[in-house]
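Hi,

Here is the structure I promised to send over. Have a look at it first, and my notes follow underneath.

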Amino acid sequence: MRLGTSRSGGYSFVELLVVATILLVLASAVLPVTKVVVQRQREVELRRALREIRTAIDQYKDAIDLGTIGDTSTEVGDQGYPPNLMTLVNGVERVGGTDGERLRFLRKIPVDPIARGSNWGLRAYDDPPGARSWGGGNVYDVFSTSRGVALDGTRYRD
């Protein structure tokens, strides 16, 4: 055995430092990708929730038009849309049904995954197309109240 050439089977400090640096660089590259994946998932959930509410509004409108339900809150000029979102959850009495039979359109109001609440922006049938405040009366459309911007560059409110 020569003097100064004996080496144990471990790693040197420099080798460990190089490996730690490589892992740090890889981890810093993964973090932004993870954020994008989470945001994309929330956007998918937002589209699903909006579709669910809008489908319920359309089903309510169809039921009014077909005379399946008799909503006492529907007045001339309401165009047959629900007066609020809770009407879709609580239901409306079915015309010609048994006493107390109600037709419900939603089990519950979905949560807005972007704004993280169930405070949806509402539009009435008579509101201007770009209106950001609900004129009351009937719910024709819903939108997210978040002021954020989606991955494709559109605003969530739009």
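**What I found**

Helix H1 has a set of buried residues: Glu43, Leu46, Ala49, Leu50, Ile53, Ala56, Ile57, Tyr60, Lys61, Ala63 and Ile64. Buried here means under 20% relative accessible area, exposed is over 50%, and partly exposed is in between (1.4 Å probe, protein chains only). Helices (H or I, at least four residues) and strands (E, at least two) are DSSP runs, numbered from the N terminus.

Before you go further: this is a predicted model, where local features need pLDDT of at least 70 and side-chain atom pairs count only at pLDDT 80 or more, while totals for chains, interfaces and linings use all residues. Residues are numbered from 1 along each chain as its sequence is written, and side-chain values use heavy atoms, with hydrogens and water left out.

The protein has two helices and four strands, in the order α-α-β-β-β-β along the sequence. Of its 158 residues, 30% are buried.

H1 covers residues 13–66. With 54 residues, H1 reaches 79 Å from its first C-alpha to its last, close to the 80 Å expected at 1.5 Å a residue (the expected span being 1.5 Å times one less than the number of residues). Just after H1, Gly67 takes a positive phi of about 80 degrees.

What do the buried residues of H1 pack against? Their partners are helix H2 (85–90) and strands S1 (92–93), S2 (102–103) and S4 (141–143). Contact means heavy atoms within 4.5 Å. One of those buried residues is a lysine: Lys61 counts as buried because its relative accessibility is 19%. Leaving out residues up to four places away in sequence, Lys61 touches Gln79, Gly80 and Tyr81.

The largest nonpolar core (buried Ala, Val, Leu, Ile, Met, Phe, Trp, Tyr and Cys residues joined through side-chain atoms within 4.5 Å) has 26 residues, and Ile69, Leu85, Leu88, Phe105, Trp120 and Val142 touch the most other members. H1 and H2 are the elements that give two or more residues to this core, and H1 gives the most, with nine. With the same four-place exclusion, Phe105 touches Ala56, Gln59, Tyr60, Ala63, Ile69 and Leu88.

H1 also has a residue with a different setting: Val18 lies in this helix and counts as partly exposed because its relative accessibility is 44%.

Have a look and tell me what you think.

Cheers
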